[in-house]
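Q: Please take one part of this model and examine it closely, with attention to how its elements pack and which residues are involved. I would like a connected account, including whatever surroundings help to place that part.

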Amino acid sequence: MYKIPKVSIIIPIYQASKYLEACLDSVINQTLREIEIILINDCSSDAQDEVICLSYLEKDDRITYIKLGKNLKQGGARNVGINIAKAEYLVFVDSDDTIDLHYCELLLQSALEHSSDVVIALAKIINTDKEISDHPSFDNLVQSIVGNKDKLLCHNTHLCAKLWKRTLFVENKIFMPENICYEDFAIVPRLLYVAQSFSFIRSAIYYYHHRIGSSARSVSKGQIDDIFTALNILKRFLFSLKDKELGRQKYEEAFALHIMNYMAYRVVTYSGSDVEKNKQHFLQKMQENATREEILTLQKLALSMQKKD
């Protein structure tokens with residue numbers, strides 16, 4: 001391993017053996033060789049996860065492998081990686097995704113050229129049937145936020161497809177909540193708020209793999225609870241801003257984008273056996289957390305989805 005790696009790649013692993021080798025192959029073959037690869041086994045019950053990690057550990061000395069004693073979910077596993085990372089810059093890769101072989105090189109080059117705290121890349125969504133689509137509206141997003149980072153706060157809340165300066169986390173004590181899903185939704189706006197400089201890569205170099213039966217296409221009671229937990233963490237941050245109007249506006253944007261457009265759509269369209277229970281649970285959480293206007297918006301969304309059916 002290089003004494004001082006330029007980029008640390010953090011990969012939480014849980015029940016991932018079916019896709020893990022493809023992920024790790026895309027990581028160990030990066031054109032940027034000065035990398036550190038941190039594999040965090042989040043107490044996976046899939047024995048093959050460890051078998052695969054140990055086999056890659058034997059053939060690549062840039063890999064650090066840690067097996068957690070209890071499951072912390074993705075946020076807790078990522079926190080472990082952040083704390084031990086040696087590089088100035090961090091990237092996060094999900095264990096069922098892949099990255100372009102030039103991923104780290106291009107992100108680091110942009111960071112160094114522009115003195116960026118955060119570099120944001122374009123991503124592709126690869127479906128089970130191999131159809132590939134670009135992540136939507138990236139160019140419009142970039143054009144809209146040039147010179148006004150406030151516009152970015154709640155529009156791009158994924159940790160992946162970005163390069164982060166490690167000091168954003170450790171110096172500002174920004175770490176992910178443990179034991180919930182959607183942990184990046186809770187903290188990415190905070191990271192973007194404290195960041196001083198950004199740059200962008202319009203190449204689609206991160207590959208999200210959406211698979212039938214994955215959590216990206218299903219919904220559970222726990223996931224519903226988690227996204228509202230993450231929303232409330234974000235709400236506390238936004239409402240603490242000195243600019244109260246900005247905080248209120250960004251909270252409304254976050255609610256609209258992530259609760260209405262994302263979770264509500266999944267609840268309304270999901271066809272699992274527990275669909276009615278989940279709909280009722282979602283509506284209960286809405287009543288506990290949403291304003292009357294936000295509930296009316298949800299009802300309009302549900303009606304529009306029924307008409308499409």
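**Helix H8 and its neighbours**

A: In this predicted model, H8 and H10 are roughly parallel to each other, because their axes cross at roughly 15 degrees and angles under 35 degrees count as roughly parallel. Helix H10 covers residues 275-289, and its axis comes within 9 Å of that of H8; the crossing of the two helices is right-handed. On the H8 side the contact is made by Lys-221, Ile-224, Asp-225, Phe-228 and Asn-232, while H10 contributes Asn-278, His-281, Phe-282, Lys-285, Met-286 and Asn-289.

One residue of that contact can be followed further, namely His-281, which is found in helix H10. With a relative accessible area of 12%, His-281 is buried, since buried means under 20%. If residues up to four places away in sequence are not counted, His-281 touches Lys-221, Ile-224 and Asp-225, and these three residues are listed among those that H8 brings to its contact with H10. The C-alpha atoms of His-281 and Ser-220 are separated by 9.7 Å, although the two residues are 61 residues apart along the chain.

H8 also packs against H7. The axes of H7 and H8 come within 7 Å of each other and cross at roughly 25 degrees, which makes H7 roughly parallel to H8 as well. Here the contact is made by Phe-185, Ala-186, Pro-189, Arg-190 and Tyr-193 of H7, and by Ile-227, Ala-230, Leu-231, Ile-233, Leu-234 and Phe-237 of H8.

The rings in this contact deserve a separate look. A search of the whole structure finds five aromatic pairs, and one of them joins Tyr-193 and Phe-237 in an edge-to-face arrangement, with 5.6 Å between the ring centres and 75 degrees between the planes. The pair links distant parts of the chain, as Tyr-193 belongs to helix H7 (residues 183-194) and Phe-237 to helix H8 (residues 221-238), 44 residues apart. The two partners differ in burial class: Tyr-193 counts as partly exposed at 30% relative accessibility, whereas Phe-237 counts as buried at 13%. A further pair is formed by Tyr-206 and Tyr-208, whose ring centres lie 4.8 Å apart with their planes at 55 degrees, so this pair is tilted. Both Tyr-206 and Tyr-208 are buried.

Tyr-206 leads on to another contact. It is touched by Thr-98, whose contacts, not counting residues up to four places away in sequence, are Ala-22, Cys-23, Ser-26, Tyr-206, Tyr-207 and His-209. Thr-98 is found in strand S5 (residues 98-99) and is buried, with a relative accessible area of 14%. Its C-alpha atom lies 5.9 Å from that of Ser-26, while the two residues are 72 residues apart in sequence.

The segment that leads into H7 has two backbone features of its own. Most residues other than glycine have a negative phi. In the loop between helix H6 (167-170) and H7, however, Lys-173 has a positive phi of about 50 degrees although it is not a glycine. Tyr-182, placed in that loop between H6 and H7, likewise has a positive phi, of about 60 degrees, and is not a glycine either. Their surroundings contrast: Lys-173 counts as exposed at 65% relative accessibility, while Tyr-182 is buried, with a relative accessible area of 15%.

The beginning of H7 can also be approached from Arg-78, which has its place in helix H3 (residues 73-84) and counts as buried at 1% relative accessibility. Leaving aside neighbours within four places in sequence, Arg-78 is in contact with a set of residues that includes Glu-183 and Asp-184, along with Met-176, Phe-92 and Asp-94. Of these, Phe-92 forms one aromatic cluster with Trp-164 and Phe-169.

To set this part in the whole, the protein has eleven helices and nine strands, and 51% of its 309 residues count as buried. Among the contacts with a separation of 6 or more, 80% are accounted for by residues 24 or more positions apart; the pair of Tyr-193 and Phe-237, 44 residues apart, is a case of such a separation within the part examined here.

Definitions and conventions:
Residues are numbered from 1 along each chain as its sequence is written. This is a predicted model: local features need pLDDT of at least 70, side-chain atom pairs count only at pLDDT 80 or more; totals for chains, interfaces and linings use all residues. Side-chain values use heavy atoms; hydrogens and water are left out. Rings of Phe, Tyr and Trp (its six-membered ring) pair if their centres lie within 6.5 Å; planes under 30 degrees apart count as stacked, over 60 as edge-to-face and the rest as tilted. Helices (H or I, at least four residues) and strands (E, at least two) are DSSP runs, numbered from the N terminus. Buried means under 20% relative accessible area, exposed over 50%, partly exposed in between (1.4 Å probe, protein chains only). Axes are lines fitted to C-alpha atoms, for helices over the stretch in contact, and angles run from 0 to 180 degrees between N-to-C directions. Angles under 35 degrees count as roughly parallel, over 145 as roughly antiparallel, 65 to 115 as roughly perpendicular and the rest as oblique. A crossing is left-handed if the near helix is turned anticlockwise from the far one by less than a right angle, and right-handed if clockwise. Contact means heavy atoms within 4.5 Å.
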